[in-house]
Amino acid sequence: MSAVSTPPLAVIEENLPNAGRRRAERTTRIRGIRAGKTVYIGLGVVVLSAVFPYYWSFLIGSGTPSTINDPNMSWLPGGNFISNALSVVNDPAVNFWLALWNSIFSSTLIAASVVIFSTLAGWAFAKLRFRGGKWLLAFVVATMAVPMQLGVVPLYILFSDLGWTGQIGAIIVPALTSAFGVFWMTQYLSQTVPDELIEAARVDGASMIRTFWTVGAVAARPAAAMLFLFTFVGAWNQFFWPFIVLDRQSPTLPVALSLLQGNYFVDYSIVLAGVLLSTIPLLILFVFAGKQLVSGIMAGAVKG
């Protein structure tokens, strides 16, 4: 009787980076193609359109309350940005540092939870065979068509009965999972991980958890990094539900910044200075995680 030779788990783990190297070689060949002037012009327009709102906010935020209504406004920044930023930070109604911590804590926890659950569910839908799997995935995807506003009233009643209104947990618990994250990880893992690797790991004696940890989790890193970034940004910018369920004693940053607007007068120099302060953590995150973001995009675009 002939024996079937199967690679051990160590060989499987070594072969996973080879797929990344093959993608890198293809990416290098793609980068060898020189772009034309039209591409540079288009990219320049995109960059300017992306940077202009930040510059406009900094221009108004560094001025005085009358700057935004000045027809002869200078396009050079003024010298009041630091004082306007300190007005935001020191405003007792805003409670800036508590709001900043609430946003960082809730966004990080939500993003990490979405990545973990979406990767597990995506692995199950992509590589496991069970009755009703396709219909269940279709149901999960269909939930993305339901507007969040439809669930606001029952959610508020539920958290009110639980005594969670005004607490940061009220915005974390409903966002611990994501239908888009499940669909994203399912599509990525179904195209990235060959079934032969899973069969070889199972024949070698690995349990399903060990197979997921050594094969699926390693292959899912680029997509998981992208999902973490996008989920973090979405949770950071969430305003509607936190504005309803939280109070002024424990707000997130977008809710706290809305308190800068007065009933009869809005000082846009202070408001836009606060908006710029709220974007600094996101910019820092993208600076440090930009490499993972690009590798995730390329891994999804170039098949190995």
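**Figure 1. Nonpolar surface patch formed by Val47, Val51, Phe52, Tyr55, Trp75 and Leu76.** In this predicted model, these six side chains form a nonpolar patch on the surface, with a combined accessible area of about 620 Å². One member of the patch, Val47, is located in helix α2, which spans residues 37-61.

**Figure 2. Aromatic cluster of Phe52, Trp56 and Trp75.** The three residues Phe52, Trp56 and Trp75 belong to one aromatic cluster. Phe52 and Trp75 are also among the residues of the nonpolar surface patch.

**Figure 3. Tilted aromatic pair of Phe58 and Phe81.** The structure contains 14 aromatic pairs. In one of them, the rings of Phe58 and Phe81 lie 5.1 Å apart, centre to centre, with an angle of 50° between the planes. Phe58 belongs to helix α2 and Phe81 to helix α3 (residues 81-89), so the pair ties together parts that are 23 residues apart in sequence. Phe58 is partly exposed, at a relative accessible area of 30%.

**Figure 4. Helical setting of the close-up views in the protein chain.** The protein chain comprises 14 helices and 0 strands. Of its 304 residues, 37% are buried. The accessible surface of the protein chain amounts to about 18400 Å², and carbon and sulfur atoms contribute 67% of this area. Among contacts with a separation of 6 or more in the protein chain, 76% involve residues 24 or more positions apart.

Terms used. Residues numbered from 1 in each chain as written. Predicted model: local features only at pLDDT ≥ 70, side-chain atom pairs only at ≥ 80, totals over all residues. Heavy atoms only, no water. Patch = residues over 30% accessible without salt bridge, like charges linked within 9 Å, V, L, I, M, F, W, Y side chains within 5 Å. Areas by Shrake-Rupley, 256 points an atom, 1.4 Å probe, with all protein chains shown as cover. Salt bridge = Lys/Arg side-chain N within 4 Å of Asp/Glu carboxyl O. Helix = DSSP H or I, 4+ residues; strand = E, 2+ residues; numbered from the N terminus. Phe/Tyr/Trp six-rings, centres within 6.5 Å; stacked < 30°, edge-to-face > 60°. Buried < 20%, exposed > 50% of the residue type's maximum accessible area, 1.4 Å probe, protein only. Contact = heavy atoms within 4.5 Å.
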